[in-house]
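User: Hello! Could you walk me through the reasoning behind some labels used for this model?

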Amino acid sequence: MSAQEELLFPKEMVEYFDLTKVEEVDGTFNFHLEELNLAPAGYLQEQLESKGFLPEIRVQDFPIRGKKVYFHILRRRWRVISSDETISRDWDLVAKGSGTPSYE
């Protein structure tokens, strides 16, 4: 993400997500994010196969310039080849101290 995006998004979103689309629809900013294909902690030594994404999560954040803000987040899932287990990163998508956005 760019320096400007680092000002808008929590640190974890900057490090682990790619901003794929920004749109303004009916006075609402929609930020679309996809989790990067980086192995979760505890699985760095495992051979993983990306299995696409979990269903999208929509998180409402604080307004920007009086407009509603939604993050449309696609979280990745992987298959651990040695055990055939499906895993995903455990996310706390609300930055500490930023309030309580709604999950939809």
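**Labels and their cut-offs**

Analyst: Happy to. To start with a pairing, Arg77 has Ser88 in S7 as its bridge partner. Please keep in mind that this is a predicted model, in which local features need pLDDT of at least 70 and side-chain atom pairs count only at pLDDT 80 or more, while totals for chains, interfaces and linings use all residues. Residues are numbered from 1 along each chain as its sequence is written, and side-chain values use heavy atoms, with hydrogens and water left out.

User: What makes S6 and S7 a pair of strands?

Analyst: Two strands pair if DSSP finds at least two bridges between them, and strands themselves are DSSP runs of E with at least two residues, numbered from the N terminus. S6 and S7 have 4 bridges in the antiparallel sense, so they pair by that definition.

User: Which strands form the open sheet, and in what order?

Analyst: The order is S3-S6-S7, 3 strands with antiparallel pairing. S3 and strand S7 (85–88) each have a single partner strand, so they stand at the edges, with one side of each left without a neighbour in the sheet.

User: Why is the contact between Arg79 and Glu49 called a salt bridge?

Analyst: The term asks for a side-chain nitrogen of Lys or Arg within 4 Å of a carboxyl oxygen of Asp or Glu. Arg79 and Glu49 are at 2.9 Å, N to O, so the pair qualifies. The two residues are 30 residues apart and link distant parts of the chain, with Arg79 in strand S6 (residues 76–80) and Glu49 in strand S3 (residues 48–53).

User: What joins Glu49, Arg79 and Asp84 into one network?

Analyst: Arg79 also meets Asp84 in a salt bridge, at 3.1 Å from N to O. Salt bridges that share partners thus join Glu49, Arg79 and Asp84.

User: How do you know whether Arg79, Glu49 and Asp84 are buried or exposed?

Analyst: Buried means under 20% relative accessible area, exposed over 50%, and partly exposed in between (1.4 Å probe, protein chains only). Arg79 has 22% and Glu49 has 30%, so both count as partly exposed. Asp84, with 53%, is exposed.

User: How many salt bridges are there in the whole structure?

Analyst: The search finds 6. One of them joins Lys21 and Glu23, whose closest N and O atoms are 3.7 Å apart. Lys21 is at 42% relative accessibility and Glu23 at 25%, so each counts as partly exposed.
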